[in-house]
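Me: I would like a close look at a single part of this protein, the central sheet and what surrounds it. Please take me through it in one connected answer.

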Amino acid sequence: MNWKRSLALLVADFGPKITIKIVECLREDIYAGKLKSGSEIKDALKRSVLELLTTKGTKTELQLGFRKPAVIMIVGVNGGGKTTSLGKLAHRLKKEGAKILMAAGDTFRAAASDQLEIWAERTGCEIVVAEKEKAKASSVLSQAVKRGKQGGFDVVLCDTSGRLHTNYGLMEELIACKNAVGKVVAGAPNEILLVLDGTTGLNMLPQAREFNEVVGITGLILTKLDGSARGGCVVSVVDELGIPVKFVGVGEGVEDLQPFDAEAFVSAVFS
């Protein structure tokens with residue numbers, strides 16, 4: 001791989017702004033002849049991307065605090081894999097010994113509660129669903145966190161409806177959801193995780209900007225990396241917003257949500 005092909009990969013997966021930033025870091029070594037072969041330049045690019053991910057995207061582990069229950073909200077656009085990611089995360093946390101309660105806060109999609117109930121059964125977790133049709137999502141999540149508090153649950157995982165980041169009304173509803181759980185447990189939610197579809201390319205960045213501005217994203221879940229998608233644009237998100245990637249989804253099985261490994265990710269991007 002020569003350096004022009006490396007740059008083409010960066011532009012395609014990462015976007016031009018971050019590509020220029022990375023290349024500027026290597027410019028002197030390239031012009032001075034310190035980086036000559038394609039493999040040398042490729043290794044230098046990998047080191048540069050890895051350093052960016054590790055210095056800008058710190059706190060890759062979940063920050064659940066000391067109050068119980070800890071509350072995690074899962075947010076994102078339609079079809080990104082929020083409910084599936086929530087189910088896999090429930091499985092992971094339960095294996096670690098946590099008592100998990102799921103909250104079906106997606107009150108728009110007809111099959112959303114059914115899908116989450118399947119995950120609850122699959123993982124052996126309890127679940128709170130809307131008691132009536134067209135219930136407010138904030139009400140469902142508030143009810144779930146109250147039950148979590150009373151029932152001695154360690155973590156409440158809150159699903160939310162998929163929404164375009166450009167839809168003002170739905171984004172306002174997300175604020176109501178965040179405020180509702182905060183009224184039940186001080187400091188909640190502990191984490192607001194944005195699910196980003198690894199196949200969406202440069203659309204990741206505007207999505208992350210808007211969700212972060214509205215509710216304050218604490219971490220990213222990068223999904224659908226089991227195919228040809230590299231998900232390189234998430235590097236631009238980490239660089240611009242300083243939000244760490246916490247998990248990656250690499251398949252459909254319950255075990256296929258893995259803690260983010262920056263070194264393995266960079267190797268996969270440049271494979």
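Reply: A good place to enter is Ser113, which lies in helix α5 (residues 112-123); helices here are DSSP runs of H or I with at least four residues, strands are runs of E with at least two, and both are numbered from the N terminus. This is a predicted model, in which local features need pLDDT of at least 70 and side-chain atom pairs count only at pLDDT 80 or more, while totals for chains, interfaces and linings use all residues. Residues are numbered from 1 along each chain as its sequence is written, and side-chain values use heavy atoms, with hydrogens and water left out.

Leaving aside residues up to four places away in sequence, Ser113 touches Ala104, Asp106 and Val129, where contact means heavy atoms within 4.5 Å. Ser113 and Val128 are separated by 15 residues in sequence and by 9.2 Å in space, C-alpha to C-alpha.

The sheet itself is open and holds 8 strands in the order β3-β2-β4-β1-β5-β6-β7-β8, with mixed pairing; two strands pair if DSSP finds at least two bridges between them. Because β3 (126-128) and β8 (257-259) stand at the edges with a single partner strand each, one side of each is left without a neighbour in the sheet. From one strand to the next the twist averages 25°; axes are lines fitted to C-alpha atoms, for helices over the stretch in contact, and angles run from 0 to 180 degrees between N-to-C directions.

Within this order, β1 (residues 70-75) and β5 (residues 191-197) pair in the parallel sense over 4 bridges, and Ile72 stands opposite Glu191 in β5. Helix α9 (residues 234-241) packs on the sheet, where it touches β5, β6 (219-223) and β7 (245-249), and its direction makes about 175° with that of β6. Helix α6 (residues 137-150) lies across β1, β2 (100-103), β3 and β4 (155-158), running at about 140° to β3.

The loops that precede β1 and β5 each deserve a look at the backbone. Most residues other than glycine have a negative phi, and most peptide bonds are trans. A cis peptide bond, with omega about 0°, joins Lys68 and Pro69, and Pro69 lies in the loop between α3 (38-56) and β1. That loop also holds Lys59, which has a positive phi of about 55° although it is not a glycine. Another cis peptide bond joins Ala188 and Pro189, again with omega about 0°, and Pro189 is found in the loop between α7 (168-184) and β5.
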